[in-house]
Amino acid sequence: MKRFDESYLLLEEMVNDDYYPKFLVEKVKEQILHVIRLLENGETSQDVIQKKLDEMTLAINGLEEEFEENDSEIETVARDSIGITVGYVLDWFGIDIDIETAIRERDW
């Protein structure tokens, strides 16, 4: 089983931007970590992985109101940060799922 790159900073752009409340960035990160854990366990089925990616994306969608309540939103920088992070994770594990497909359930 391959371990994820511990030196990679998940959601770097969001982490480094005070516009995003840290506790909400952590909630987004936790959703991505669910996907990483699945991949670290050796899952290779694209259907199973896509299902987990869809669950991740829907959970992130569910945070949108909480972002707004904290004078923030999942906008361009956040979308890019999430996309870059998910793309890196998929590349790291050699998963051939296009990023647009990976986060196809997004509302942001």
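This is a guided tour of a predicted model, moving from one selection to the next.

Before selecting anything, note that residues are numbered from 1 along each chain as its sequence is written, and that side-chain values use heavy atoms, with hydrogens and water left out. Because the model is predicted, local features need pLDDT of at least 70 and side-chain atom pairs count only at pLDDT 80 or more, whereas totals for chains, interfaces and linings use all residues.

**Stop 1: helix α2**

Select residues 22–40, which form helix α2; helices here are DSSP runs of H or I with at least four residues, strands are runs of E with at least two, and both are numbered from the N terminus. The helix has 19 residues and should span 27 Å at 1.5 Å a residue, and its end C-alpha atoms are 26 Å apart, which agrees; the expected span is 1.5 Å times one less than the number of residues.

Now colour the buried residues of α2, where buried means under 20% relative accessible area, exposed means over 50%, and partly exposed lies in between (1.4 Å probe, protein chains only). Among them are Leu-24, Val-25, Val-28, Ile-32, Val-35, Ile-36 and Leu-39, and the polar or charged side chains of Lys-29, Gln-31 and Glu-40 are also on the list. Their cover includes α1 (12–15), α3 (46–61), α4 (64–69) and α5 (76–92). Just past the end of α2, select Gly-42, which takes a positive phi of about 95°.

**Stop 2: helix α5 and its packing on α2**

Add α5, which has 17 residues and reaches 24 Å from its first C-alpha to its last, close to the 24 Å expected at 1.5 Å a residue. Its buried residues include Ala-78, Ser-81, Ile-82, Gly-83, Thr-85 and Val-86, and what covers the buried residues of α5 includes α1, α2, α3 and α6 (99–102). After α5 comes Gly-94, with a positive phi near 70°.

With both helices shown, α2 and α5 pack at an angle of about 15° with their axes 11 Å apart; axes are lines fitted to C-alpha atoms, for helices over the stretch in contact, and angles run from 0 to 180 degrees between N-to-C directions. The two helices are therefore roughly parallel to each other, on a scale where angles under 35 degrees count as roughly parallel, over 145 as roughly antiparallel, 65 to 115 as roughly perpendicular and the rest as oblique. The crossing of α2 and α5 is right-handed, meaning that the near helix is turned clockwise from the far one by less than a right angle, while an anticlockwise turn would be left-handed. To see the side chains that meet, show Val-28, Ile-32, Ile-36 and Leu-39 in α2 with Ile-82, Thr-85 and Val-89 in α5.

**Stop 3: helix α3 against α5**

Next bring in α3, whose axis comes within 13 Å of that of α5 and crosses at roughly 160°. That makes α3 roughly antiparallel to α5, and this crossing is right-handed too. Here Ile-49, Leu-53, Met-56 and Ile-60 in α3 meet Ile-82, Val-86 and Leu-90 in α5.

**Stop 4: Leu-53 and the core**

Which residues touch the most other members of the largest nonpolar core? Of its 32 residues, they are Leu-53 and Ile-82, a nonpolar core being a set of buried Ala, Val, Leu, Ile, Met, Phe, Trp, Tyr and Cys residues joined through side-chain atoms within 4.5 Å. The elements that give two or more residues to this core are α2, α3 and α5, and the largest share, eight residues, comes from α2.

Centre the view on Leu-53, which is found in helix α3 and counts as buried at 0% relative accessibility. Leaving aside residues up to four places away in sequence, Leu-53 touches Val-35, Val-86, Leu-90, Ile-97 and Ala-102, where contact means heavy atoms within 4.5 Å. Leu-53 and Gln-31 are 22 residues apart in sequence, and their C-alpha atoms are 9.0 Å apart.

**Stop 5: Glu-13, Leu-11 and Asp-71**

Move to Glu-13 in helix α1, which is partly exposed with a relative accessible area of 32%. Glu-13 touches Val-77, Ser-81 and Ile-84, not counting residues up to four places away in sequence, and its C-alpha atom is separated by 9.7 Å from that of Thr-85, 72 residues apart along the chain.

Finally, select two residues other than glycine that have positive phi. Leu-11, in the segment before α1, has a phi of about 55° and counts as buried at 0% relative accessibility. Asp-71, in the loop between α4 and α5, has a phi near 55° and is exposed, with a relative accessible area of 66%.
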